[in-house]
Each structure stands twice: as structure tokens, then as C-alpha cells.
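Trainee: I have a structure open and would like a close look at a single part of it, followed by a walk through its surroundings. Could you take me through it?

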Amino acid sequence: MTIADSYAIPGTPRRWDVPQDYVTCFNWEFAPERTRLLGLYERGKTMQWNATDRIDWSQELDPENPQQLPPEMLPINAAPFFQRMAPREQSEIRRHHQAWGISQFLHGEQGALICAAKIVQQVPDMDAKFYAATQVMDEARHVEVYKKLLEKFGTAYPMTRPLQTLLDQVLQDRRWDMTYLGMQVVIEGLALAAFARIRDHAQNPLAAAVNAYVMEDEARHVAFGRLSLRDYYPQLTQHERDEREEFLVEACYHMRDRFDALGLWESLGLPVEECLRYLQESGVQAAFRSRLFTRIVPTVRDIGLWGEKIRRGYEQMGVLDYAKVDIEAQGAEDERVAREHDARRAHVEEVIRAAE
Ligand SMILES: [Fe+2]
Ligand SMILES: [Fe+2]
């Protein structure tokens, strides 16, 4: 079954056209490349991988709990109306909830593909164009793997409204750095925290591997955003930096409070108010909502958007402490986990060969 045939919400559009109005920059200077960006470009080239061979796509999902996640990862798990349901009904809701999540990953990755291509066109420096070109290929691969994974669910959901609003805003903005801020910093930062949750808790080997390999690439994308913006923001006026900080605070609030799967609960015919209350109040969800920012806050500080506005905003959200997180160590750890998945697969294949 194709994705288009499996949308759970009737009338889901088949495409989304975003009118664009920005300046494409040719660079005829070919200035010497910045060493660190060039190093990242080299890594981007050598760390390309083929999703067809690296992942064993013959593995299946679990019919009752596709990614084999702990029960409390369903936000409404403790709700009395859910507890009263028959096991079959509960697994159906679990399947839909997980399909909703992977659908958002898939749509977000297509957003990243398009944003990376926009950066290639708009960013003035050639070294940044080089790197962004490798990211375009990475993001195409991410769309490919989440599409393949989602097909195994047999159910798909459209892009949730808050994500679409933020993407629309970022794509319409004519300033090249706003694409980085919206995509590389906010959306990818949130996505990394959400991918990590599946990678680290899924007992299903296919779901865990897909997220581990995507995260290996994302570690470079976050580094790219940091290296490019860190050089750029000190050149702006205070007023221009304030505008960026305002955007960041607003985007973070928006993503935290509106990413509530409203469309999912509605389409499943569940009591929406109650679902949202569990989402806001349950301890597991509250912890997750703040952990979403572990990848964003240290990056924001690192790129020098660390004025009064941002610190106050993060303080109010209770996430200011994440500024101390070591992002480079986090990236290195993501790469290590991906290699661990490679080693596990090699080991399984060896065991099978020996048995034959
Ligand atoms: Fe990606
Ligand atoms: Fe990315």
C-alpha cells in the first residue's frame, strides 16, 4: 500500500505548494574555505551510506506494538478511558499513535530536504554551499528511510499544523540565516530529541536502526548550523539579533505547546480534551517536553543568540540549564550508537552464516 492510499484522515492533500520569493546568490570569489566547515564537508562526503544495503528491510514491525515501545510512551496510557478499552482496541490506538509520530518524521525530513536545497541557493559562502549540498543528499535518504518504515505501518497522517506553520514561515523568509535557525536549530533540534526517544527505547530492531542511522547524519547538520551562524551573528546589529531571539523564543513555545497530536485524537474519535490534559499533565510527557530542548538550548547559546530575551524565555520554560550540555559529545555519542547498530547486524549475519 502506498503512503497516499493510507492517510487516516480523508481528504489529506496530495501536495503542498509554497510560493517563494528570495535571492539566489552566485559566488564568483571562491575565497579560501574555512577549515572547520571544509572538514565537515569531507566528513559529509565520506559518511554517505546506502539505505538499501545498510538496513535489513526484511525485518517486520510488531502487530500489537509496531516499534515495541514501553507502554507509558503513549501519552494517554494512564487515562481511565484508555485503560477500560479491550486489548485489541488499545493496540490499534498504539499503532496509530506511532504511525502519527513517524509521519511527522517523514514530513519533517521532506521539510529539511527543501530547506537544505534553499540554503545551497541562498547562502553566500561557497564552503557552506558545498556542505549544504551533502546535506541535501542526507535528507533525501532520510525521507527514503522513514517512507519505507511508515509503509510497514499501513497508516499515515498528514503534517501536523504547528510544523506546517513553522516551515511555511521559514520558507517564506528572505533572510538566508532564518532557514538555518528554523530548520537546523529548532526543527532538527526537536527532531533529534524525538528520534533519540525511539532509538533508545524501541525493542524493534528495524525501528531502532532507522533512527540511529538518521541521527548519525543529523549530528553533522547541527554542527553545520553552529559553524555557519557562529561566524555570522556577531556581524549583525543588536536589533537584528533581537529579532532572531524573538523568533526563537516564539518558535520554541509554539513547538512545545502545539505539538499535541490534535488531528490524531480527533480522527480516532477519542475524547480530545481528556487526551490533551494527559499530554500536558502526565509526568512522562512533561519530562519529554522539556527534554525536547536538550539539543536546542546549547546550540542557541553557542551561536551567540544569548541575550536577555532568550535567557528569560528559556528560564520560564524551565530549560535554561540545558545550555550546559556538551553538544559535541552528544554528536560523537550519536555516531557511536550508529556504529553499534552496524556491529550488531554484522554479528547477526555471522551467526546465521555459521548456522548454515
Ligand atoms: Fe534529516
Ligand atoms: Fe538534518
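Where is Phe30 found?

Mentor: Happy to. Please keep in mind that this is a predicted model. Phe30 is found in the segment before α1. Its backbone deserves your attention: Phe30 has a positive phi of about 50° although it is not a glycine. For background, most residues other than glycine have a negative phi. As for its surroundings, Phe30 counts as exposed because it has 8 C-beta neighbours inside 10 Å, and the limit for that class is 12 or fewer.

Gln68 makes a good companion to this case. Its phi is near 50°, again a positive value in a residue other than glycine. Gln68 lies in the loop between α2 and α3, the latter being residues 80-83. With 17 C-beta neighbours inside 10 Å, Gln68 counts as partly exposed, whereas Phe30 counts as exposed.

Let us stay with the segment before α1, since Tyr7 lies there too. Tyr7 counts as partly exposed, because 17 C-beta neighbours fall inside 10 Å. Its partners take us a long way along the chain: Tyr7 and Thr155 are 148 residues apart in sequence, yet their C-alpha atoms are 6.0 Å apart in space. Leaving out residues up to four places away in sequence, Tyr7 touches Thr12, Ala156, Tyr157 and Pro158.

Moving past α1 (35-46), you come to Trp49, in the loop that leads to α2 (51-54). Trp49 has 15 C-beta neighbours inside 10 Å, so this residue counts as partly exposed. Trp49 touches Arg54 and Tyr213, again not counting residues up to four places away in sequence. The second of these partners is a remote one in sequence: Trp49 and Tyr213 are 164 residues apart along the chain and 9.2 Å apart in space, C-alpha to C-alpha.

Pairs like these fit into a wider pattern. Among contacts in the protein chain with a separation of 6 or more, 84% are between residues 24 or more positions apart. The secondary structure comes to 15 helices and 0 strands. As for overall dimensions, the C-alpha atoms fill a box of roughly 65 × 55 × 40 Å along the principal axes. The radius of gyration is 21 Å, which agrees with the value near 21 Å that a compact globule of 356 residues would have. Of those 356 residues, 38% count as buried.

Now for the interior. The largest nonpolar core has 86 residues, and those with the most contacts inside it are Val186, Val210 and Leu248. Helix α8, residues 205-232, gives the most to this core, with 15 residues. If you select Val210, you will find that it touches Ile55, Val145 and Leu149, not counting residues up to four places away in sequence.

Leu248 brings us to α9, where it is one of the buried residues, together with Arg244, Glu245, Val249, Ala251, Cys252 and Met255. These buried residues cover an arc of only 165° around the axis, which puts them on the same side of α9. It helps to recall that an α-helix has 3.6 residues a turn, so residues three or four places apart point the same way. On the other side of α9, His239 and Asp257 are exposed. What covers the buried residues of α9 includes α6 (161-172), α7 (176-201), α13 (297-302) and α14 (308-317). As for its length, α9 spans residues 238-258, 21 residues in total, and reaches 30 Å from its first C-alpha to its last, close to the 30 Å expected at 1.5 Å a residue.

Two further residues take you towards the end of the chain. Gln316 is found in helix α14, and this residue is exposed, because 11 other C-beta atoms lie within 10 Å. Gln316 and Pro271 are 45 residues apart in sequence and 30 Å apart in space, C-alpha to C-alpha. Glu333, for its part, is found in helix α15, residues 327-355. Glu333 is partly exposed, with 14 other C-beta atoms within 10 Å. The C-alpha atoms of Glu333 and Glu216 are separated by 8.9 Å, with their positions 117 residues apart along the chain.

To return to your starting point, Phe30 is an exposed residue with a positive phi of about 50°, in the segment before α1.

Technical notes: Residues numbered from 1 in each chain as written. Chains lettered and ligands numbered in written order. Predicted model: local features only at pLDDT ≥ 70, side-chain atom pairs only at ≥ 80, totals over all residues. Helix = DSSP H or I, 4+ residues; strand = E, 2+ residues; numbered from the N terminus. Buried ≥ 20, exposed ≤ 12 C-beta atoms within 10 Å, placed from the backbone. Contact = placed C-beta atoms within 7 Å. Rg over C-alpha atoms; globule rule 2.2 N^0.38 Å. Core = buried A, V, L, I, M, F, W, Y, C linked by C-beta atoms within 7 Å. Expected span 1.5 Å × (residues − 1). Arc of directions from axis to C-beta.
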